[in-house]
Amino acid sequence: LRDEPDDTEAWIALGNALVEHAEGTPTAAAMYAYSRAEALDPGNPAPAYFVGIALIQSQRFGEARQVWAEMIAKAPEDAEWLPAMEQRLA
């Protein structure tokens, strides 16, 4: 990230690593990394997906549902990942 601070995938990977290091807890640092990824690429569903996973791992199911529901609501109708996420949310 020092070399390429606008690398969305690197921010997502950092968020995932921080959650893993915290044994599934979405720490403030992890949430910051995911928010940076989302800010860099607002149409990318990965940051919200992994935030949802981290919240589920922390047994914060209502918050995870809200994150995923918002992601689905913002998605283009033809997004190839949309049916899979709708199924997960259900």
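Buried residues are those under 20% relative accessible area, exposed ones are over 50%, and those in between are partly exposed (1.4 Å probe, protein chains only). The model described here is predicted, so that local features need pLDDT of at least 70 and side-chain atom pairs count only at pLDDT 80 or more, while totals for chains, interfaces and linings use all residues. Residues are numbered from 1 along each chain as its sequence is written, and side-chain values use heavy atoms, with hydrogens and water left out.

**Helix 5**
- Helix 5 (residues 82-89) has L82, M85 and L89 as its buried residues, helices being DSSP runs (H or I, at least four residues) numbered from the N terminus.
- These three cover an arc of only 65° around the axis, taken from the directions from the helix axis to the C-beta atoms, which puts them on the same side of helix 5.
- Exposed residues P83 and Q87 are carried on the face of helix 5 turned away from its buried side.
- Helix 3 and helix 4 (61-74) are among what covers the buried residues of helix 5, contact meaning heavy atoms within 4.5 Å.

**Helix 1 and helix 3**
- Helix 1 (residues 8-21) and helix 3 (residues 46-57) pack at an angle of about 5° with their axes 10 Å apart, where axes are lines fitted to C-alpha atoms over the stretch in contact and angles run from 0 to 180 degrees between N-to-C directions.
- The two helices are therefore roughly parallel to each other (angles under 35 degrees).
- Their contact is made by I12, N16 and V19 of helix 1 together with A46, P47, F50, A54 and Q57 of helix 3.

**T8**
- T8, found in helix 1, counts as buried because its relative accessibility is 11%.

Conventions
Parallel < 35°, antiparallel > 145°, perpendicular 65-115°, else oblique.
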